[in-house]
Amino acid sequence: MKCVISEQLKQRLPSGKFGVIRYHHIEVSDSPQMLRGRLELFQESLYIELQEKSIADIPEMVEWRRTFKQIGTDPSRYRPSSESLYRRIQKKSFIPPIHSAADINNFFSLYYKIPLGIYDLDRINGTVTLTIGTEQDEYIALNGRTVNFANKLVSKDERGPFGSPIVDSERTAVTRETKNALQIVYFLPSTPEETAKRQLQAIQTMFVQIHGGEADAQLFV
């Protein structure tokens, strides 16, 4: 499966950095206690921190909002998924365990303060393109709502859009039956390339430790 960045996205966001990891022969299940415990404790720690700090003052949130504006997205209407997670925690609406793949995504999204997407690779057809959506690009999201991706960062295959740093689609959702997966990491544009590589490796390493299988990663800068 090939992955490319569109020229339109490169022009609109020349400093954009994206990581792609392909996983094969994995086993998705309930998260091990180690991951569930880390996710729970980290959320409790963040909740305490967020009682004395505004999300609008967190540098990573500010940068992603600025990035959304640069792409053409109104960040007051459509938030990066990482910010949405932080807002839930601030209200003490902690993210419950879902399954091992989703829990890893949520953990690293909170830890690095960036959006991540995880998709069933066998439900993706042909080349994956990260681009800026049009009025024709929409899908039923994991929350059950139909979301339009005009002037928003979106991932598309030959069937159409399936993922974004806002909310992912039902069509390519990872389940406990998933054997092959695609993970997209939306790094902060200001992240140094070497830092992005280290973060990508950390995500890949934990994912394979928990799910088994093989993985290969690619960084687009």
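## Strands E2, E3 and E9, and residue Ser81

In this predicted model, Val20 has Ile184 as its bridge partner in strand E9. The two strands concerned, E2 (residues 17-24) and E9 (residues 180-187), run antiparallel and are joined by eight bridges. Strand E9 also pairs with E3, again in the antiparallel sense, over five bridges. There, Ile184 of E9 is the bridge partner of Gly117.

These pairings belong to an open sheet of four strands, in the order E3-E9-E2-E10, with antiparallel pairing. Its edge strands, E3 (116-120) and E10 (214-220), each pair on one side only. From one strand to the next, the twist averages 15 degrees.

The antiparallel pairings made by E9 are set out below.

| Strand pair | Bridges |
|---|---|
| E2 and E9 | eight bridges |
| E3 and E9 | five bridges |

Strand E3 is largely enclosed by the rest of the structure, because five of its five residues are buried. On one side of E3 lie Leu116, Ile118 and Asp120, and on the other Gly117 and Tyr119; all of these are buried, and both faces of the strand are thus covered.

Residue Ser81 is located in helix H4 (residues 81-90). Its relative accessible area is 17%, and since buried means under 20%, Ser81 counts as buried. Leaving aside residues up to four places away in sequence, Ser81 touches Pro115, Leu116, Pro165 and Ile166. Of these, Leu116 is one of the buried residues of E3. Glu40 is 41 residues from Ser81 along the chain, and the C-alpha atoms of the two are separated by 18 Å.

Terms used. Residues are numbered from 1 along each chain as its sequence is written. This is a predicted model: local features need pLDDT of at least 70, side-chain atom pairs count only at pLDDT 80 or more; totals for chains, interfaces and linings use all residues. Side-chain values use heavy atoms; hydrogens and water are left out. Two strands pair if DSSP finds at least two bridges between them. Axes are lines fitted to C-alpha atoms, for helices over the stretch in contact, and angles run from 0 to 180 degrees between N-to-C directions. Buried means under 20% relative accessible area, exposed over 50%, partly exposed in between (1.4 Å probe, protein chains only). Contact means heavy atoms within 4.5 Å.
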